[in-house]
Amino acid sequence: MRKKWEVINSITASGLVVVVRSSSSEEAKKITEACLKGGAAAIEITYTVPGASRVIEELVKEYKDEIIIGAGTVLDSETARIALLSGAEYVVSPYLDEQSLRLCNRYQVPYMPGVMTIDGVVEAMELGADILKVFPGEAFGPNIIKSIHGPLPQANLMPTGGVSIDNVEQWIKAGAVAVGVGGTLTSFAKTGDFKKITELAGRFVHKIGETRSS
């Protein structure tokens, strides 16, 4: 299993976390394989997926040496612990749950809580969160990153929701360390067009890298 710092470094190096809300483990596997080919750093299996723990276990067994598998939409510490036992290497929540954060810190696994306000960012950092999920990103757009970084330039922010290939450059320029991308990337699975997912994931990673170096 990767160390906590290795997971964080891999995610920030690639800059792309793919949020998966699939209808089956088979579809999740195909999305994972497609995103792996496209250069995505991590896959986030949300707990809205039927049998999410089993899906995480299966993906970890097959892809653990190739891509980082995490758990998303984790609402409480009980679910967080189940996710870790299933092999998840990071945990994401739509809000800050202190018990989940403490549990993940205990096992040295990254926990990324959803935040949107300055007090939420400060509280999450004080409790030990390394990357903060700015959610829902579409509520304010890239300017929220600049606004938070005004008083808190040390905050590592990862917007999720509303990130697309057309605006990812703006998010990175605003200071995001990575982006979480869901339906705008994975929706092609519904029509079985996994090549399109690979292509688009590659475009995301390329644009992120290009923006950082410019």
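Colleague: In which helix do Glu-98 and Arg-102 both lie?
Modeller: This is a predicted model, in which local features need pLDDT of at least 70, side-chain atom pairs count only at pLDDT 80 or more, and totals for chains, interfaces and linings use all residues. Residues are numbered from 1 along each chain as its sequence is written, and side-chain values use heavy atoms, with hydrogens and water left out. Helices are DSSP runs (H or I, at least four residues), numbered from the N terminus. Glu-98 and Arg-102 are four residues apart, about one turn of the helix, and that helix is α5 (residues 98-106).

Colleague: What is the N to O distance in the salt bridge of Glu-98 and Arg-102?
Modeller: A salt bridge is a side-chain nitrogen of Lys or Arg within 4 Å of a carboxyl oxygen of Asp or Glu. For the side chains of Glu-98 and Arg-102, the N to O distance is 2.8 Å.

Colleague: Is Lys-173 buried or exposed?
Modeller: Buried means under 20% relative accessible area, exposed over 50%, and partly exposed in between (1.4 Å probe, protein chains only). Lys-173 has 56% relative accessibility, so Lys-173 counts as exposed.

Colleague: Which residues do salt bridges that share partners join into one network?
Modeller: One pair is Lys-29 and Glu-62, whose side chains meet in a salt bridge at 3.9 Å, N to O. This pair links distant parts of the chain, with Lys-29 in helix α2 (residues 25-38) and Glu-62 in helix α3 (residues 52-63). The network joined by shared partners consists of Lys-29, Arg-54, Glu-58 and Glu-62.

Key. Helices (H or I, at least four residues) and strands (E, at least two) are DSSP runs, numbered from the N terminus.
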